[in-house]
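Reader: I am in my first year and still learning how to read a protein structure. Could you take one part of this one and go through it slowly with me, and then show me how that part relates to what surrounds it?

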Amino acid sequence: PGSLLPCPFQAKDWWTYEFCYGKHIQQYHVEESEIKGDILFLGYYQSAFDWDDEAAKASKQHRLKRYHSQSYVNGSRCDLTGRAREAEVRFVCEEGASDHIARVDEPQSCSYVVTVHTARLCRHPLLRPPASAAPQPILCHPALSPSQYGQYIRAQVSDTKRKVEEISEELKTLDARLWSERAGEATAAAGDAAPGANSEAAFWQRVREVTGQAGGHDKAAVSPRSCRRGAMKIHFKVIRSPGDLLQFIEELKESTKK
């Protein structure tokens, strides 16, 4: 690129960096628009990357990352390493931008990489950003035809109905056995009570036992409710979907087994 004037600079935290193309790179601290303390030189211009050099071509670093670079050496002495500071300046194309320091990195102590954005490089085909890939259309096709999808849905519904019927039959068997066992216990416990009272007492005893066994699962129900008949509290659930029904039946089966 041609001469960059005036010297672009960038403030980064405590330090301000100033780059003068083909001359030097400076680092200093500014307070109230005045330089405070020493001015450190990160390097003086030494050379520029040679695009015609065969060794340089072999590295492909500049070509792949699309930048041109210069080397700056023999800067101010580094207290950490005892050697002179040095820097690499990388020029990157930025369409429509004025010359400016985009960033300053220090990958090693007192060895810097200064990235300068400029529109001056954008005319060069090797340094211009690559053209963005043209978007490709995405074509979607259904995995199943409408008739196949209808068959799939009907099969799912049929399978659910079959499972509900199987569980219902098992529950009926368990329920009949439980009724016969509890009815006998209730009749024996009623003693000398009147026949009508025995029948009603056996019924509500059955309700208390069944709801009491399932009560341990009330927290898992979708919509637990309760009501009272006389002094007895009865728990019931509102089933809103086939999934809730299957879950409730499984809970009843499990509580009956226990």
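Author: What follows is a close look at one strand, β8, and then at the loop and the helix that come after it in the chain.

Please keep in mind from the start that this is a predicted model, so that every value below was computed from predicted coordinates. As a setting for the strand, the chain has 258 residues, of which 29% are buried, and it contains 5 helices and 10 strands. Its accessible surface comes to about 17,300 Å², and 54% of that surface belongs to carbon and sulfur atoms. Among the contacts between residues at least 6 apart in sequence, 47% join residues that are at least 24 apart.

Strand β8 covers residues 111–118, and it is mostly covered, since 7 of its 8 residues are buried. Which strands pair with β8, and in which direction does each of them run? With strand β6, residues 86–93, the pairing is parallel and is made by 8 bridges; one example to find in the picture is E86, whose bridge partner in β8 is S111. With strand β7, residues 100–108, the pairing is antiparallel and is made by 6 bridges, and here you can look for R103, whose bridge partner in β8 is T115. The strands β7 and β8 also form a hairpin with 2 residues between them, and C110, which is in the turn, has a positive phi of about 60 degrees.

When you follow a strand with your eye, it helps to remember that in a regular strand the side chains alternate between the two faces of the sheet. The largest nonpolar core of the structure has 19 residues, and those that touch the most other members are F19, I25, V89, I101, V114 and V116. Strands β2 (15–20), β6, β7 and β8 each supply at least two residues of this core, and β6 gives the most, with 4 residues. For a single residue of this core, take V114: leaving out residues up to four places away in sequence, V114 touches I25, E88, V89, R90, I101, R103 and V104.

Now move on to the loop between β8 and α3, where α3 is the helix of residues 146–190, and look for C122 in that loop. Is C122 buried or exposed? It is buried, because its relative accessible area is 6%, which is under the 20% limit used for that word. Once its neighbours within four places in sequence are left aside, C122 is in contact with C93, E94, E95 and R128. For one of these, E94, the C-alpha atom is 7.0 Å from that of C122, although the two residues are 28 residues apart along the chain.

The loop between β8 and α3 also holds R120, which forms a salt bridge with D99, the closest N and O atoms being 3.0 Å apart. Because D99 lies in the loop between β6 and β7 while R120 lies in the loop between β8 and α3, the pair ties together parts that are 21 residues apart in sequence. R120 itself is partly exposed, with a relative accessible area of 34%. This is one of 9 salt bridges that a search of the whole structure finds. Another joins the side chains of D79 and R77, with a distance of 3.9 Å from N to O, and both of these residues are exposed.

The last stop is helix α3, where D159 forms a salt bridge with R162, their closest N and O atoms being 2.6 Å apart. Why are D159 and R162 separated by about one helical turn? The reason is that they are 3 residues apart in helix α3. D159 counts as partly exposed at 27% relative accessibility, and R162 likewise counts as partly exposed, at 38%. The pair belongs to a network of salt bridges that links D159, R162, K163 and E166.

Helix α3 is also the place of Y152, which is partly exposed, with a relative accessible area of 43%. Together with L144, Y149, I153 and V157, Y152 forms a nonpolar patch on the surface, and the accessible area of these residues together is about 460 Å².

Technical notes
Residues numbered from 1 in each chain as written. Predicted model: local features only at pLDDT ≥ 70, side-chain atom pairs only at ≥ 80, totals over all residues. Heavy atoms only, no water. Buried < 20%, exposed > 50% of the residue type's maximum accessible area, 1.4 Å probe, protein only. Pairing = 2+ DSSP bridges. Contact = heavy atoms within 4.5 Å. Areas by Shrake-Rupley, 256 points an atom, 1.4 Å probe, with all protein chains shown as cover. Core = buried A, V, L, I, M, F, W, Y, C linked by side-chain atoms within 4.5 Å. Patch = residues over 30% accessible without salt bridge, like charges linked within 9 Å, V, L, I, M, F, W, Y side chains within 5 Å. Salt bridge = Lys/Arg side-chain N within 4 Å of Asp/Glu carboxyl O.
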